Number of protein chains: 4
Amino acid sequence: MSQPRTSRADAARRTRARVLTAAREQMVLHGPDIGMDEIAGAAGLAVGTLYRHFPAKADLVAAVVAEYVERVADDAEAACERVTAGSRALDEITAFLGRVIEASARDRAVKAAAHALGADPGDKVAEDRASRAVATLLLAGQADGDIHPDVTVGDIYLLFATVPADQPAAARARWLALMLPGLTTHPRPTPRDRRHPVPGSRQGAGAKGET
Amino acid sequence: MSQPRTSRADAARRTRARVLTAAREQMVLHGPDIGMDEIAGAAGLAVGTLYRHFPAKADLVAAVVAEYVERVADDAEAACERVTAGSRALDEITAFLGRVIEASARDRAVKAAAHALGADPGDKVAEDRASRAVATLLLAGQADGDIHPDVTVGDIYLLFATVPADQPAAARARWLALMLPGLTTHPRPTPRDRRHPVPGSRQGAGAKGET
Amino acid sequence: MSQPRTSRADAARRTRARVLTAAREQMVLHGPDIGMDEIAGAAGLAVGTLYRHFPAKADLVAAVVAEYVERVADDAEAACERVTAGSRALDEITAFLGRVIEASARDRAVKAAAHALGADPGDKVAEDRASRAVATLLLAGQADGDIHPDVTVGDIYLLFATVPADQPAAARARWLALMLPGLTTHPRPTPRDRRHPVPGSRQGAGAKGET
Amino acid sequence: MSQPRTSRADAARRTRARVLTAAREQMVLHGPDIGMDEIAGAAGLAVGTLYRHFPAKADLVAAVVAEYVERVADDAEAACERVTAGSRALDEITAFLGRVIEASARDRAVKAAAHALGADPGDKVAEDRASRAVATLLLAGQADGDIHPDVTVGDIYLLFATVPADQPAAARARWLALMLPGLTTHPRPTPRDRRHPVPGSRQGAGAKGET
DNA sequence: TATGAATGAGTTTTCATTCAT
DNA sequence: CATGAATGAAAACTCATTCAT
């Protein structure tokens with residue numbers, strides 16, 4: 001009797017998911033100033049319906065951001081499990097950072113919108129999941145002697161907050177390479193490989209047309 | 001004849017300066033989406049006058065950004081001269097980074113506006129001055145063996161572009177500490193020493209207007 | 001089910017018609033530079049609603065012009081039918097010209113706005129209807145031997161384009177009298193007869209809103 | 001002593017003439033909505049100086065129109081004199097009409113501005129000169145039996161007011177051909193020559209790029 | 001008298017949000 | 001519950017006109 005009655009709760013949930021997907025896509029495509037009408041249209045709804053699910057634009061953006069946090073938490077937890085299964089913590093951390101950085105680049109417009117609207121993600125649960133998983137990863141890395149003992153979860157969040165999301169992929173990779181020595185106990189990878197491909201000297205130059 | 005000579009040109013220059021100051025202040029206070037009317041009001045002018053000096057909002061923002069670049073160039077050149085006078089390049093670079101980071105934090109709204117409007121700073125001269133001075137500093141540090149040989153001016157700009165401008169001063173200091181190992185040849189301070197040497201923390205300590 | 005079916009579409013159509021009427025009236029009253037706010041106010045709407053129906057001022061003006069073209073087409077076709085039913089083509093043409101001239105006088109501001117905005121009427125269908133009907137009228141008149149064989153539809157449009165719309169009704173009537181000999185095969189009425197036969201003077205006599 | 005003192009009165013007159021020429025040129029080039037700053041710049045003056053000579057834009061436009069009327073008066077009087085010297089009145093009238101029509105086409109933007117601003121030419125003297133000369137021409141033509149006895153000076157002005165100024169030269173020529181039978185006692189020139197070059201059927205179509 | 005910086009009301013257009021159907 | 005028309009405040013920009021120098 002609870003299963004056949006999918007109509008009410010399920011329909012609402014599905015609509016919500018459709019709106020969130022459309023909102024993220026539209027923001028990525030047309031920037032954070034995309035109008036509510038466009039988002040509604042992309043979700044196959046009327047504005048009124050959109051406002052029924054999210055009382056204000058800030059709420060919608062907050063939900064999109066929360067979804068993003070959820071994905072990060074999932075990713076961190078998966079990395080955790082692989083470490084438990086025997087994978088090297090440093091490798092998992094490095095790969096995890098790389099994935100989050102790329103995701104940030106994809107969703108930078110979302111973050112811009114969140115910031116502009118002062119949207120509060122609010123999803124404390126997902127945030128805690130992510131924090132716990134990242135802490136576990138760091139502890140494992142520190143136990144291995146690979147991660148500096150004073151590196152905290154806050155440091156990782158600080159890095160997430162400063163990803164050069166609007167720069168080309170090569171710049172993001174270089175940025176991660178510059179960051180890693182601050183996290184690890186290892187010296188710079190290989191002092192011999194010069195000439196990394198940071199295209200322009202100006203910030204933001206060449207920001208268009210990337211992956 | 002001496003009085004009227006300066007009065008016209010000077011009045012225009014002073015008005016321009018007043019507008020730029022007001023624009024920067026208003027953007028810092030109320031975000032980059034501040035209206036032209038507000039800026040004009042803060043400068044004690046009517047909108048029309050503002051538009052006489054800057055034909056479009058993008059021009060005004062570009063001018064504010066150009067002013068910022070000019071200050072960075074001045075700072076970098078001063079550091080250069082101190083190195084020439086015998087100061088250690090690594091110390092000057094570290095202090096310079098700290099100062100630019102604090103300036104970025106103060107003017108973060110300006111940069112947001114510049115990005116949103118696609119404003120072209122245009123001040124290639126100041127940009128070149130800054131680039132040359134930074135290059136000189138890096139070369140000196142590399143000659144001392146303190147800066148990694150593969151670090152470029154582009155790397156420094158990449159860092160500038162990702163300053164956690166909207167974070168508290170302590171976070172910015174920590175962020176710089178995380179970045180430095182990527183630039184220098186020195187290992188992390190001492191694994192047991194919890195007090196990491198944050199160079200620019202002196203002037204960042206009493207910083208106004210943060211969270 | 002019968003009520004809601006019409007209500008949505010009908011309301012939109014009625015709003016559109018209300019806007020068009022208000023726009024035409026305001027333009028006739030206050031000139032073609034009338035603001036969108038005024039038009040909205042005259043239609044009992046907010047500006048936003050006006051912009052929902054017509055995305056730009058040029059679109060609104062184009063719609064008003066298209067409505068005018070439609071009326072001319074209707075008029076020409078009606079005259080055509082009367083000719084088919086036995087009415088003399090020359091009389092119908094003369095009366096038709098008189099009516100269009102009076103309509104032009106009423107809507108002169110609209111045409112001025114259309115020209116100023118480069119608005120594209122776009123209603124090719126109505127334009128074709130008008131052209132075909134006028135061509136038919138001319139052919140019938142030429143078959144009767146009343147209309148000069150070299151008169152074309154383009155000539156009629158040329159006259160329409162030069163109607164002295166902002167002159168008193170008497171001047172418009174006199175203007176038509178001066179034009180007619182260029183269209184017909186008949187000589188000027190009678191050199192001594194001071195009362196020249198102005199066809200459209202009946203409906204032009206009581207015309208509203210002129211000098 | 002009056003000649004060497006050209007400074008005061010003459011300088012003012014020359015400035016005035018320069019402004020008028022610049023105003024006409026700018027209006028013809030950039031339409032009747034050209035700004036006062038542009039006109040001042042084209043005349044090599046500052047706006048303030050322009051406003052010293054013409055207290056309001058309407059006054060400047062009125063002066064430009066008055067200049068136009070003056071030229072028409074000169075033209076009409078010259079034609080008068082040629083008739084007195086033996087030239088055929090009908091020929092002179094026809095040529096005069098053609099010249100005024102072309103001048104109207106050149107200065108159509110001026111007339112548009114005059115109408116939009118409600119500028120009152122005011123130059124009653126030039127207007128009277130023109131009227132008298134035209135009356136003389138018409139009387140001569142009527143004495144010859146070429147011009148219809150009921151044609152008045154007002155008719156000629158009515159034609160001037162409705163010149164298709166924004167149409168191609170061919171359309172203007174055709175328009176004059178359509179008008180002439182209304183003025184003369186002669187039948188249509190040659191009923192045999194069909195196909196006149198009126199380009200588009202729509203009013204205003206093809207209005208760009210003419211002589 | 002010439003200058004041109006300053007004025008400020010006015011114009012078009014956008015968009016988050018509401019509410020009658 | 002969904003719909004989408006209506007709202008109206010706000011933003012960028014223009015331009016005739018004034019006035020201190």
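Two exercises with worked solutions follow on a predicted model of protein chains with DNA strand E.

Residues are numbered from 1 along each chain as written, and chains are lettered from A in the order in which they are written. In this predicted model local features need pLDDT of at least 70, side-chain atom pairs count only at pLDDT 80 or more while totals for chains, interfaces and linings use all residues, and side-chain values use heavy atoms, without hydrogens and water.

**Exercise 1.** Describe the secondary structure of chain A and of its annotated DNA-binding region.

Step 1. Chain A has 9 helices and 0 strands, where helices are DSSP runs of H or I with at least four residues and strands are runs of E with at least two.

Step 2. The unreviewed UniProt entry places the "DNA-binding region" at residues 35-54 of chain A, an annotation that may be inferred rather than shown by experiment.

Step 3. Over residues 35-54 of chain A the chain is 70% helix and 0% strand, with the end C-alpha atoms 14 Å apart.

**Exercise 2.** Work out which elements supply the surface near DNA strand E, and which polar pairs reach its phosphate oxygens.

Step 1. Taking as near any residue with a heavy atom within 4 Å, there are 31 residues around DNA strand E, and B:R8, B:T49, B:R52, C:K57 and D:T49 come nearest.

Step 2. Helix 3 of chain B gives the largest share of this surface, 5 residues.

Step 3. Among the polar contacts (N or O atoms within 3.5 Å), a polar side-chain atom of D:T49 lies 2.6 Å from a phosphate oxygen of DNA strand E, while for the side chain of A:K57 the distance from an N or O atom to a phosphate oxygen is 2.9 Å.

Note on methods: Polar contact = N/O pair within 3.5 Å; in protein donor to acceptor, adjacent residues only side chain to side chain.
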